[in-house]
Amino acid sequence: MADIDAVAAELYGLRPEEFTAARDAHAAAARKAGRRAEAKGIAALRKPTLAVWAANRLARADADQAGRLLELGEGLREAHRTLSGEELRKLSHQQHVVIAAMAGEARRLAGEAGQDLSAAVQREVEQILRSVLADPEAARDWVRGVLAKAPPPAVGFSDVAPEPGAAPRPPMAGAERERKAERERERVPEPDTGEVERRRREAERTRREAELAEEALARAETERTQARTGLGALDEEIGLLEARLERVREEREHLAAAAEAAERRHRDAVREAKAARAAARTAAGR
């Protein structure tokens, strides 16, 4: 297994178009050496899509950043488990900001490796990163840069069960905290199980709606950033073309002036030639 892991670490660092030939070569070498189980395991390694490759490259390029993303996932899972509304909102916003930035970095890294990522592929990278947050098994592969395929799209953390009896904990102002402390001092009875369950379901529904809205906002912000970046590139290109056009115009004016001067010299030369021929005929007739 160690040899397969080493081969996988090498293969998933290659560009997608290089993957198959290298994988087959490793599998053939293992078979030739009589390591059939290893050869079978290597041959089963799956060629990554461009988005998966870009996500792996991102994890390989900055292990600390990848680790921080996984820590964010742990925080989100804990917030979902305890239905902590304030913490959930804070971490969800942080999630969208971080993932959008990391997807942009993945696009830059891919460009350095000679692979241009389209806006659609960049969105796939974002989805992969969101899925990694919610899928610890996929996270383990991704953080090592050996993710073989995109994890199933994740919508929230539906696999994380709330703690028994947990209810949403919205942020409390000072007066609210004081009232809560007073109720606790008076030992107000807990609501019945049915009420707790109703509140839990309502909180879950509200949380899901908030997550979907946050994801839509993050996608819109990413698309806006990409559009602005594209517009900036076009403006820069227009500026270069306008500068080039100005240089061409100046060169044309220079050439036009040179052509006019050459035309004048030609006319002068024609006149001088005519005068010389006339003088020669006059001299010959004497």
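At what angle do helix α2 and helix α3 pack, and how far apart are their axes? In this predicted model, helix α2 (residues 16–32) and helix α3 (residues 36–43) pack at an angle of about 170°, and their axes lie 8 Å apart. Angles over 145 degrees count as roughly antiparallel, and α2 and α3 are therefore roughly antiparallel to each other. The points below take up this helix pair, then the chain as a whole, its nonpolar cores and three individual residues.

**The α2–α3 contact**

- On the α2 side the contact is made by Arg23, His26, Ala27, Ala30 and Arg31, while α3 contributes Glu38, Ala39, Ile42 and Ala43.
- Sorted by character, the residues of the contact of α2 with α3 comprise five nonpolar, one polar and three charged.

**The chain as a whole**

- The protein chain contains 10 helices and zero strands, so that, read from the N terminus on, its elements run α-α-α-α-α-α-α-α-α-α.
- Of the 286 residues in the protein chain, 30% are buried.
- The accessible surface of the protein chain comes to about 18,200 Å², and carbon and sulfur atoms account for 53% of that surface.
- When contacts between residues at least 6 apart in sequence are considered, 74% of them join residues at least 24 apart.

**The nonpolar cores**

- The largest nonpolar core holds 31 residues, and within this core Leu58, Leu69, Val125, Ile128, Leu129 and Trp142 touch the most other members.
- Two or more residues of this core come from each of the elements α4 (50–61), α5 (63–82), α6 (85–112), α7 (119–134) and α8 (136–143).
- Leu69, one of the core residues that touch the most other members, is in contact with Val98, Ile99, Met102, Leu129, Leu133 and Trp142 once its neighbours within four places in sequence are left aside.
- Apart from the largest core lies another core, made up of 13 residues, including Ile4, Val7, Ala8 and Ala27.
- Ala27 thus appears in two settings, being among the residues of this other core and also among the α2 residues that make the contact with α3.

**Three residues in helices α5 and α7**

- Gly73 lies in helix α5 and counts as buried, because its relative accessibility is 0% and buried means under 20% relative accessible area.
- The C-alpha atom of Gly73 is separated by 8.8 Å from that of Arg130, although the two residues are 57 residues apart along the chain.
- Gln127 is placed in helix α7 and is partly exposed, since its relative accessible area of 24% falls between the cut-offs of 20% for buried and 50% for exposed.
- From C-alpha to C-alpha, Gln127 and Ile99 are 8.8 Å apart in space, with their positions 28 residues apart in sequence.
- Ala134 also belongs to helix α7 and is buried, with a relative accessible area of 8%.
- Ala134 and Pro151 are 17 residues apart in sequence, and their C-alpha atoms are 9.6 Å apart in space.

Terms used: Residues are numbered from 1 along each chain as its sequence is written. This is a predicted model: local features need pLDDT of at least 70, side-chain atom pairs count only at pLDDT 80 or more; totals for chains, interfaces and linings use all residues. Side-chain values use heavy atoms; hydrogens and water are left out. Axes are lines fitted to C-alpha atoms, for helices over the stretch in contact, and angles run from 0 to 180 degrees between N-to-C directions. Helices (H or I, at least four residues) and strands (E, at least two) are DSSP runs, numbered from the N terminus. Angles under 35 degrees count as roughly parallel, over 145 as roughly antiparallel, 65 to 115 as roughly perpendicular and the rest as oblique. Contact means heavy atoms within 4.5 Å. Ala, Val, Leu, Ile, Met, Phe, Trp, Tyr, Cys and Pro count as nonpolar, Asp, Glu, Lys and Arg as charged, and the others, Gly among them, as polar. A nonpolar core is a set of buried Ala, Val, Leu, Ile, Met, Phe, Trp, Tyr and Cys residues joined through side-chain atoms within 4.5 Å. Buried means under 20% relative accessible area, exposed over 50%, partly exposed in between (1.4 Å probe, protein chains only). Accessible areas come from the Shrake-Rupley method with a 1.4 Å probe; for residues, only the protein chains shown count as cover.
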